[in-house]
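Please open the model in your viewer and keep the selection tool at hand. The stops below go from one selection to the next.

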Amino acid sequence: MITASGNPPGDCGRWRNAIQQRLDNRSDQAERIEIDGHLAWCSECRDYEESLLVIRGAIAAIPNIPFPEPELGSVWAGQRRGTTLPRRAPAWTGLAAAAVLALAMLASWNASSSSQASPERELARLAADARPVLRILARAFERVEEATVNEVLIGPASRAVRYIPIKWTGSSPP
Amino acid sequence: MDGEQYRKLVIEHKDRVHTYAVWLLQDREDARDIAQEALMRAWRHRAAIHNGAGKAWLLKTTYRLCLDQLRKRSNRPQVSLADLSVLPADPVLGPEQGAMMTDLRGIIRRALARLGPRDKAVILMRELSGMSYEEMADVLDLPLGTLKVVLHRARERLRRELIAAGVCP
C-alpha cells in the first residue's frame with residue numbers, strides 16, 4: 001500500500017525522526033544529504049520540517065522575562081550573608097512559635113506549686129519561666145520577614161491558645 | 001566557583017531562569033520565588049558546579065523546584081495567559097510584522113500552556129535555551145534514548161496544536 005505522498009506507510013515516521021535529528025544538529029553530512037533527497041519528493045515531510053521551523057522560530061523569538069531587581073538584591077544579600085532569607089515566611093513558623101509559647105505557659109501554670117506564694121511572686125516566677133521561650137520566639141522572628149507578634153497572638157494561632165486551660169493556683173485570684 | 005564567577009553566572013542566566021519558571025508555572029509570583037531560590041542554591045552548592053555547567057545546573061534546579069511547586073499547588077488561581085501576553089515588543093520588527101509575531105506568539109503560548117510540565121520543559125530547553133540532548137537528559141534524569149522520544153512526542157503534540165490553530169502546514 002502506498003500513501004498519497006508516494007511513500008510506503010510508516011516510512012515517513014523514520015524520516016521525521018531524521019528531520020528532527022538534523023534540526024538539532026545531530027546528523028552527519030551523509031544523513032543530511034539523504035534527508036534532502038527524501039524531502040525533494042515528499043511533500044508531507046517538507047510540511048513537517050516547515051512546521052518544526054515555525055515552532056522553533058516562534059519560541060526562540062520569545063524574549064526573556066526580566067528577573068525583578070528586588071529579588072536580585074536578595075540573591076546578592078544572600079551571597080554576602082551566606083544564608084537565605086525566605087521571601088515570605090512559611091506559615092508554620094508563626095504557628096510553631098505560638099505552640100512553643102502556649103505549651104511553656106501551660107507547663108508553667110500546671111506545675112505551679114500549691115504553696116501560698118503571693119500573686120506578685122507568682123507572676124515574677126512565670127515571667128522568669130517565659131523568658132527562654134520568648135528568646136526562642138525572638139530568634140524565630142528575626143528570620144521571618146513578615147511575621148509579627150500580632151500574627152501569633154491575634155492571628156490563627158490565637159484560636160488554639162484560647163482553648164488551653166489556664167488555672168490560677170495562687171491563694172487569691174489575680 | 002568563586003564569588004566573581006557566581007556573579008557572572010547570575011547576571012548571564014537570571015532572566016532565562018526566571019522566564020523558564022514563568023512558563024512552567026504560569027504564575028509570576030511563584031516564578032520569582034523559584035528563580036530566587038535556584039540562584040541562591042547555586043551559591044550554596046557552588047563547589048558542585050563545574051566550569052561551563054552553570055546554565056544546565058540552574059535549569060535543572062529550576063525545573064525540580066517548579067515540579068515541587070506544581071505538586072503542592074493549592075486552589076490558588078493561576079495568572080491568566082493574558083498576563084503572559086504582555087511581553088516587551090520586538091524592536092527589530094515593524095508594526096505589521098510585530099503584530100503578526102504577537103499573534104503567533106499568543107498561539108504558541110496557548111499551545112505550550114496545554115502541554116504537560118515535562119513536555120513544556122523539553123521544548124523550552126531545546127528551543128529557548130538551545131540545550132543539547134545530553135544536557136536535557138541530565139536535567140530531566142532520563143536516559144538519552146528516552147529523552148529523544150520525549151522531545152519527539154512533545155514536538156508532535158505542539159505541532160498538532162498549531163495545525164489546529166492554522167499556524168502550521
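This tour of a predicted model visits two helix packings and then an interface between chains.

Begin by selecting helix α1 (residues 3-25) of chain B together with helix α6 (residues 117-128) of chain B, whose axes lie 10 Å apart and meet at an angle of about 150°. Because angles over 145 degrees count as roughly antiparallel, α1(B) and α6(B) are described as roughly antiparallel to each other, and their crossing is right-handed. To see the contact itself, show the side chains of B:Arg16, B:Thr19, B:Tyr20, B:Trp23 and B:Leu24 on α1(B), and on α6(B) those of B:Pro117, B:Lys120, B:Ala121, B:Leu124, B:Met125 and B:Leu128. Sorted by class, this contact of α1(B) with α6(B) comprises 8 nonpolar, 1 polar and 2 charged residues.

Keep α6(B) selected and add helix α8 (residues 144-164) of chain B, where the two axes come within 9 Å and cross at roughly 95°, so that α6(B) is roughly perpendicular to α8(B). Here the residues of α6(B) include B:Arg118, B:Val122 and B:Glu127, while those of α8(B) include B:Leu147, B:Leu151 and B:Arg155. The contact of α6(B) with α8(B) has 7 nonpolar and 6 charged residues, with no polar ones.

Next, stay with B:Arg155 and bring in A:Asp24, since the side chains of these two residues form a salt bridge at 2.8 Å, N to O. Across the interface of chain B and chain A, 5 salt bridges are found. Finally, select the whole interface, to which chain B gives 49 residues and chain A gives 39 residues; the area buried between the chains is about 4,200 Å², with 60% of it from carbon and sulfur atoms.

Terms used: Residues are numbered from 1 along each chain as its sequence is written. Chains are lettered from A and ligands numbered from 1 in the order in which they are written. This is a predicted model: local features need pLDDT of at least 70, side-chain atom pairs count only at pLDDT 80 or more; totals for chains, interfaces and linings use all residues. Side-chain values use heavy atoms; hydrogens and water are left out. Axes are lines fitted to C-alpha atoms, for helices over the stretch in contact, and angles run from 0 to 180 degrees between N-to-C directions. Helices (H or I, at least four residues) and strands (E, at least two) are DSSP runs, numbered from the N terminus. Angles under 35 degrees count as roughly parallel, over 145 as roughly antiparallel, 65 to 115 as roughly perpendicular and the rest as oblique. A crossing is left-handed if the near helix is turned anticlockwise from the far one by less than a right angle, and right-handed if clockwise. Contact means heavy atoms within 4.5 Å. Ala, Val, Leu, Ile, Met, Phe, Trp, Tyr, Cys and Pro count as nonpolar, Asp, Glu, Lys and Arg as charged, and the others, Gly among them, as polar. Buried area is the accessible area (1.4 Å probe) that two parts lose on being put together, summed over both. A salt bridge is a side-chain nitrogen of Lys or Arg within 4 Å of a carboxyl oxygen of Asp or Glu.
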